[in-house]
Amino acid sequence: MSEFIRADGVHKSFRIDGGTVEVLKGVDLSIEKGEFIAIVGPSGAGKSTFLHLLGALDRPTAGEIFYENAGLGQMDDRRLAGFRNRTVGFIFQFHHLLPEFTALENVMMPLLVARRNRPQAREVAASLLRDVGLESRLSHRPSELSGGEQQRVAIARALGVDPKVVLADEPTGNLDTKTGDATFELLQWLNRERGLTFVMVTHNEKLAHRSDRIVTILDGRIAEKA
Ligand code: ADP
């Protein structure tokens, strides 16, 4: 395996009420291609903030994130957005599906934004929904799907633009244990089948231990690597 993503001395501060809060205090992490990493740690430790920086949704205050040795800090906002759209898939605790659109249309949306034509977008979206076991739910709206099915649609949507890495923030946090386990197994299957790199923030110790590596963030720093 080879190094894919590197966080190098990453700091992040936020300005609030005239003061500054330092959330990340120098995070170093190297992620190999195809790894499945679980990020754990107490609430407020900086896990989501770090995931946002890895996904180029925000920029570090100091330090740098590299993808295959290319520093994201060198990119202007426009290039960074383009990089993010091509490279990163996001899955959140709450799926953020558009309620008035069907499962198929929700998965087609980022493909249309990426300028695929409609027939192409439809074909890719239907195939992804098949991959996540929802071939019989294409024309259901989110309210007509179970929580686990909604999260599967969100996973299919994240894969549409063929990302190189998937960043998942508490992807099972809103699901019961059984559905959460099944969702995690789907992510692991995608990791193995597609060689996709996964970084997952989770409070679920059991699922963290089923990942390739656990990274603990404590008070803005990496505490241990297992
Ligand atoms: P975790 O994911 O580990 O629970 P977060 O990364 O969400 O922690 O948040 C870490 C700390 O950073 C929290 O105290 C939170 O209030 C603060 N924080 C996160 N984002 C912002 C922001 N945009 N502005 C100000 N403070 C923030």
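**Reading the loops, the ligand shell and the sheet**

Modeller: Let's start with Asp219, which sits in the loop between β9 (213-218) and β10 (221-225). Keep in mind that this is a predicted model.

Biologist: Thanks! What makes the phi of Asp219 worth a remark?

Modeller: Asp219 has a positive phi, about 50°, although it is not a glycine. Asp162 is also a non-glycine residue with a positive phi, of about 60°. You will find Asp162 in the loop between α5 (147-159) and β7.

Biologist: Now to Pro171. Why is Pro171 called buried?

Modeller: Buried means under 20% relative accessible area. Pro171 has 1% relative accessibility, so it counts as buried. Its place is the loop between β7 (165-169) and α6 (177-194).

Biologist: Which residues is Pro171 in contact with, leaving aside its neighbours within four places in sequence?

Modeller: With those neighbours set aside, Pro171 is in contact with Ile91, Phe92, Gln151, Leu187, Met200 and Val201. As for Phe90, its C-alpha atom is 9.7 Å from that of Pro171, while 81 residues separate the two along the chain.

Biologist: Gln151 is in that list. How do you know that the side chain of Gln151 reaches the backbone oxygen of Pro171?

Modeller: The distance from the Gln151 side chain to that backbone oxygen is 2.8 Å. A polar contact needs N or O atoms within 3.5 Å, so this pair meets the distance cut-off. Gln151 belongs to helix α5.

Biologist: Is Gln151 buried or exposed?

Modeller: Gln151 is buried, because its relative accessibility is 2% and the cut-off is under 20%. Apart from neighbours within four places in sequence, the contacts of Gln151 include Ile91, Phe92, Gln93, His95 and Thr183.

Biologist: On to the ligand. Which residues surround the ligand?

Modeller: Around the ligand are Phe14, Ile16, Val23, Pro42, Ser43, Gly44, Ala45, Gly46, Lys47, Ser48 and Thr49. This shell divides into five nonpolar residues, five polar and one charged.

Biologist: What makes you say that Thr49 has a polar side-chain atom by an oxygen atom of the ligand?

Modeller: Those two atoms are 2.6 Å apart. Set against the limit of 3.5 Å, that distance is within the cut-off, so the pair counts as a polar contact. An N or O atom in the Lys47 side chain is 2.8 Å from a ligand oxygen, and a polar backbone atom of Ala45 is 3.1 Å from a ligand oxygen.

Biologist: How much of the ligand does the protein bury?

Modeller: On its own the ligand exposes 560 Å², and the protein buries 58% of that. Two elements, β1 (3-16) and α1 (47-54), give two or more residues each to the shell. The most comes from α1, with three residues.

Biologist: What is the order of the strands in the open sheet of four?

Modeller: The order is β2-β1-β4-β5, and the pairing is antiparallel. The edges are β2 (19-32) and β5 (70-71), since each has a single partner strand, so one side of each lacks a neighbour in the sheet.

Biologist: How do you know that β1 and β2 pair?

Modeller: Pairing takes at least two bridges. Eleven bridges join β1 to β2, so these antiparallel strands qualify as a pair. Within them, Glu3 stands opposite Glu32 in β2.

Biologist: And what holds strands of a sheet together in general?

Modeller: Strands pair through backbone hydrogen bonds, in a parallel or antiparallel manner.

Notes:
Residues are numbered from 1 along each chain as its sequence is written. This is a predicted model: local features need pLDDT of at least 70, side-chain atom pairs count only at pLDDT 80 or more; totals for chains, interfaces and linings use all residues. Side-chain values use heavy atoms; hydrogens and water are left out. A residue is near a molecule or strand if one of its heavy atoms lies within 4 Å of it. A polar contact is a pair of N or O atoms within 3.5 Å; within protein, one must be able to donate a hydrogen and the other to accept it, and residues adjacent in sequence count only if both atoms are side-chain atoms. Accessible areas come from the Shrake-Rupley method with a 1.4 Å probe; for residues, only the protein chains shown count as cover. Ala, Val, Leu, Ile, Met, Phe, Trp, Tyr, Cys and Pro count as nonpolar, Asp, Glu, Lys and Arg as charged, and the others, Gly among them, as polar. Buried means under 20% relative accessible area, exposed over 50%, partly exposed in between (1.4 Å probe, protein chains only). Contact means heavy atoms within 4.5 Å.
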